[in-house]
Amino acid sequence: MNILEARCTGLARLLVALVCLGGVGPQRLCASVDANTSARPVAARTISFTRTAGTTLAAALTAVPDDPAIQPKPIKPQSDDPAQPAARPAAPVRIALLLPMRSDTLATAAESVRAGFMASVERDGTGFKVEVVSTGDAPRDVLDAYAHAAAASDIVVGPLARSAVAALADSDAVTRPTVALSVPEGHAAVPRALPRRMLVAGLSIEDEAKQVAEWAAREHPQGRALILTGGAAWAQRAAGAFEARWNELGHTNQRFAVPSGEAGKAAIAELKQKLEIDPPDLLFAALDGTGLLAVRAGTTTAIPCYGGGSANPGRAAGEPGASPLDGVRILDLPWIVLPDHPAVMVYPRPPDTEQPLDMDRLYALGIDAFRVARELALRGGAPFGMDGVTGRLDAVANPGGRLELRRREAAVVVRNGGFEPVDSEH
């Protein structure tokens, strides 16, 4: 009996060991045998690996011995669906942020972009390495800096100045995927071919004005518009873009100049009479927030009024006496008018809460510029879409196969010192 018991005990040990090592599957490793037996525990096999940023679990396990009980399952191919998260790259992606930090005129703007960019890197930048490359204003300086940055990086973000982007676009220097931070001079008025690897992410006052025209046309299918414009170059560009798109949609319009200073007071008095005698269906204000407030207060009109981000009254919307602005329709960045939006709330605000709205917009541009560069890297240049802090962003392939970035800004109505979101698509 003792011999039989010993053989049974040995057989039991063998069976338990076989079950632990081969019969449980890859998801579990047996650490001990059944406590009812008198056999000694079977030592568990411990697998150790380091998973660095961007390393998949399968890659981390490639050094594990060829034991079928612990081999990982095959990983499914990455989906091309833009809504699906992309896999992280296996090695750090090097990004050069090319900004005019040494410019006398653009250094403040460049710092706002840099601060937003690095805030985005802090939150979403695992697996990425960023180097800020400072430039001056001269196009030659920018092109030389770009050449050095491209040689040492995987992606270049910049330049910022419109003239610098135009110089880069007209050169043969674009050798890396490049996220330009402005629309190149002349491109908005006369579209021309851009380098295949250049994606323009800059904020465009012309694109914004065209979107306002489309919004106004949906709400006023038979509308007649009066365009109010100041004398600044940006105001003329906004007015021209709105007018061009408005006419393409089959509508008519007139223009009315509202200069600044004392001449503006006389113009507003004349405008009030014009609106009473021959009221249009709507107004488009190619004015800044101060000019728009003066027009609304001086005309006391109930005619629907539309404007882009430049017409946003900003903090004045909530100040006492700002009630004439109620009902004004504004198209602007979610970062500015929808601070409680889920896509906006996750990023920190700039330390200077009193800085001008234009600097806030550049900070937001910096946030989205990194996110665009990140998607380019993770998706290998394939189309993508996302809710950005500067609007809904969709990178789509044009007929020539080059990616183009399209932005849809947020539509709101000024109401009781705040902004109410509206659906401008319907």
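# A walk through the parallel sheet and two buried loop residues

The chain folds into 12 helices and 15 strands. Please keep in mind as you click around that this is a predicted model.

**Stop 1: the whole chain.** Start with everything shown as a surface. About 21,800 Å² of the chain is exposed, and carbon and sulfur atoms supply 54% of that area. Of the 426 residues, 46% are buried. Now think about how the chain meets itself: among contacts with a separation of 6 or more, 60% are between residues 24 or more positions apart.

**Stop 2: the five-stranded sheet.** Switch to a cartoon and find the open sheet whose 5 strands follow the order β2-β1-β3-β4-β5, with parallel pairing. Which strands stand at the edges? They are β2 and β5 (198-200); each has a single partner strand, so one side of each has no neighbour in the sheet. Look along the sheet and you can follow its twist: neighbouring strands are turned by 20 degrees against each other on average, direction ignored.

**Stop 3: strand β1.** Select residues 93-99. Is this strand largely enclosed or open? Of its 7 residues, 6 are buried, so β1 is largely enclosed by the rest of the structure. To get from β1 to β2, the chain passes through helix α3 (residues 107-124), and this β-α-β crossover is right-handed.

Next, add residues 128-134, which are strand β2: β1 and β2 run parallel and are joined by 7 bridges. For a landmark on this pairing, pick R94, which stands opposite K129 in β2. Then add residues 155-157, strand β3, which pairs with β1 over 3 bridges, again in the parallel sense. Here the residue to click is L97, whose bridge partner in β3 is V157.

**Stop 4: towards the β5 edge.** Select residues 178-180, strand β4, together with β5. These two strands run parallel and are joined by 3 bridges. T178 is a handy marker, as it stands opposite M198 in β5.

**Stop 5: helices across the sheet.** Bring α3 back into view. Helix α3 lies across β1, β2 and β3, and runs at about 160 degrees to β1. Now select residues 357-378, helix α12. This helix lies across β1, β2, β3, β4 and β5, running at about 165 degrees to β3.

**Stop 6: H220.** Leave the sheet and go to the loop between α6 (205-219) and β6 (224-229), where you will find H220. Is H220 buried or exposed? Its relative accessibility is 18%, and because buried means under 20%, H220 counts as buried. Show what surrounds this histidine: leaving aside neighbours within four places in sequence, H220 is in contact with W246, H251, D281, L282, P304 and Y306.

**Stop 7: T301.** The last selection is T301, in the loop between α9 (289-299) and β9 (305-307). T301 has a relative accessible area of 16%, so this loop residue is buried too. What does the side chain of T301 reach? Draw a distance to the backbone nitrogen of I303 and you should find 3.1 Å. Beyond its neighbours within four places in sequence, T301 is in contact with L275, L283 and R296. Display those three side chains together with T301 to complete the tour.

Definitions and conventions
Residues are numbered from 1 along each chain as its sequence is written. This is a predicted model: local features need pLDDT of at least 70, side-chain atom pairs count only at pLDDT 80 or more; totals for chains, interfaces and linings use all residues. Side-chain values use heavy atoms; hydrogens and water are left out. Helices (H or I, at least four residues) and strands (E, at least two) are DSSP runs, numbered from the N terminus. Buried means under 20% relative accessible area, exposed over 50%, partly exposed in between (1.4 Å probe, protein chains only). Contact means heavy atoms within 4.5 Å. Accessible areas come from the Shrake-Rupley method with a 1.4 Å probe; for residues, only the protein chains shown count as cover. A polar contact is a pair of N or O atoms within 3.5 Å; within protein, one must be able to donate a hydrogen and the other to accept it, and residues adjacent in sequence count only if both atoms are side-chain atoms. Two strands pair if DSSP finds at least two bridges between them. A crossover is right-handed if, with the strands pointing away from the viewer, the path from the first strand over the helix to the second runs clockwise. Axes are lines fitted to C-alpha atoms, for helices over the stretch in contact, and angles run from 0 to 180 degrees between N-to-C directions.
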